[in-house]
Amino acid sequence: MNSVLLGCEACSFGYDGRPVLSCLDFFVEEGDRLCVVGENGSGKSTLLKGLLSLVPPSGGRVIKNPCLTAGDIGYLPQETPLQKDFPATVFEVVLSGRQNRRGFAPFYTKADRAAVEETLLMLGLGEMKQSCFRELSGGQRRRTLLARSLCAAGKILLLDEPASGLDPIIQAGLYEVLKRINAELRITIIMVSHDIEGVLRFTAEDKSASVNRGGKVLHLAGKQLFFGSAENYRESEAGKMFLGAHRHCEP
Ligand code: ADP
């Protein structure tokens, strides 16, 4: 039996008394892959911040399994100009993700370094671990920051547009890596995306994994329009509208 890790119950969020999101009722269980979709400004990033307790709910409540500690949650925010300028190597940037799992220990341990090595290999970054982060391409930088958030995540990863700005081939590789992380490490993933190909790849059923299943979709438009399986989403009014509109926009 899976257990609920994170979710919302009759929840709303806003800024300075201005409502941004309302009527949120959803949950993720251990091992889930949830894709949060919606147009720009529909409240996707606000929801991630709410789940991370960076924005308090203005109504209802955020459900957080008591077994979750700060060291269990990894977060990849949208890329900011500041992130491009880390004066550190790829290895050091990824290692810094272990910081919140160190507790009171003053130094990184052998286990921390081993976890970083393993994650770099998994994301195809092994050969560039001594490269300077700010000299990387956009795709390599995004993968390095993903590796960092993965090293920070014991149980759950929150990703805000992880593939934005990447070329289509690198994007496709990224979604496959995310599915492997989910299937092999049983890390629960909540991913914000407005990229239709990404949504379909990320939520498609994983036939190779014995315990895994298809992903779920949460569609936002200032409120919750849909929450359920990706399969049901494709047949829903909200799904047809979103998938249809975005397919239309593809080159
Ligand atoms: P999305 O991620 O779907 O593009 P956001 O959650 O970023 O949407 O934004 C939803 C709404 O909340 C927008 O109208 C945005 O202007 C507003 N908003 C986002 N962050 C803040 C903030 N820190 N202070 C005030 N308003 C904000």
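What follows is a walk through this structure, from the whole chain down to single residues. Keep in mind that the model is predicted.

Let us begin with the chain as a whole. Its secondary structure consists of 8 helices and 9 strands. The chain has 251 residues, and 50% of them count as buried. The surface that the chain exposes comes to about 12,300 Å², with carbon and sulfur atoms supplying 54% of that area. It also helps to ask how far along the sequence the contacts reach. Among contacts in the chain with a separation of 6 or more, 69% are between residues 24 or more positions apart.

Now let us turn to the start of the chain, where strand β1 covers residues 4-15 and strand β2 covers residues 18-29. These two strands pair in the antiparallel sense, and 8 bridges link them. To find one place in this pairing, look for C11, which stands opposite L24 of β2. Strand β1 has another partner to show you: β4, made of residues 59-64, runs antiparallel to β1 and is joined to it by 5 bridges. Here a useful landmark is L6, which stands opposite K64 in β4. As you look along these strands, one general point may help: in a regular strand the side chains alternate between the two faces of the sheet.

The hairpin of β1 and β2 has 2 residues between the strands. D16 lies in this loop, and its backbone deserves a pause. Its phi is positive, at about 50°, although D16 is not a glycine. Is D16 buried or exposed? With a relative accessibility of 84%, D16 counts as exposed, because the cut-off for that class is over 50%.

D16 has a counterpart further along the chain. R186 is a residue other than glycine with a positive phi, in this case near 55°. You will find R186 in the loop that leads from α5 (168-185) to β7 (188-192). Its relative accessibility is 29%, so R186 counts as partly exposed.

A further hairpin is formed by β8 (residues 216-220) and β9 (residues 224-229), which pair in the antiparallel sense over 5 bridges. K216 is a good place to start tracing this pairing, with S229 in β9 as its bridge partner. There are 3 residues between the two strands of this hairpin, and G222 takes a positive phi near 80°.

Next, let us visit the ligand. Which residues surround the ligand? They are Y15, R18, V20, E39, N40, G41, S42, G43, K44, S45 and T46. Sorted by class, this shell has 6 polar, 3 charged and 2 nonpolar residues. Both β2 and α1 (44-51) supply at least two residues each to the shell, and α1 gives the largest share, with 3 residues.

Some of these neighbours make polar approaches that you can pick out by eye. On Y15, a polar side-chain atom lies 3.3 Å from a nitrogen atom of the ligand. On R18, a polar side-chain atom is 3.5 Å from a ligand oxygen atom. G43 takes part through its backbone, with a polar atom 3.0 Å from an oxygen atom of the ligand. Taken alone, the ligand would expose 560 Å², and the protein buries 60% of that area.

Finally, let us look at the interior, beginning with helix α6 (residues 196-203). Why is α6 described as largely enclosed by the rest of the structure? The reason is that 6 of its 8 residues are buried. Those buried residues are I196, G198, V199, L200, F202 and T203.

One of them, I196, leads us on to F242. This phenylalanine lies in helix α8, which spans residues 237-249. F242 and I196 are 46 residues apart along the chain, yet their C-alpha atoms are separated by 8.5 Å. F242 counts as buried because its relative accessibility is 2%, and buried means under 20%. Leaving aside neighbours within four places in sequence, F242 is in contact with V37, G38, E39, H194, I196, H219 and Y233. In that list you may recognise E39, which is also among the residues surrounding the ligand.

Definitions and conventions: Residues numbered from 1 in each chain as written. Predicted model: local features only at pLDDT ≥ 70, side-chain atom pairs only at ≥ 80, totals over all residues. Heavy atoms only, no water. Pairing = 2+ DSSP bridges. Helix = DSSP H or I, 4+ residues; strand = E, 2+ residues; numbered from the N terminus. Near = heavy atom within 4 Å. Polar contact = N/O pair within 3.5 Å; in protein donor to acceptor, adjacent residues only side chain to side chain. Areas by Shrake-Rupley, 256 points an atom, 1.4 Å probe, with all protein chains shown as cover. Nonpolar A, V, L, I, M, F, W, Y, C, P; charged D, E, K, R; others polar. Buried < 20%, exposed > 50% of the residue type's maximum accessible area, 1.4 Å probe, protein only. Contact = heavy atoms within 4.5 Å.
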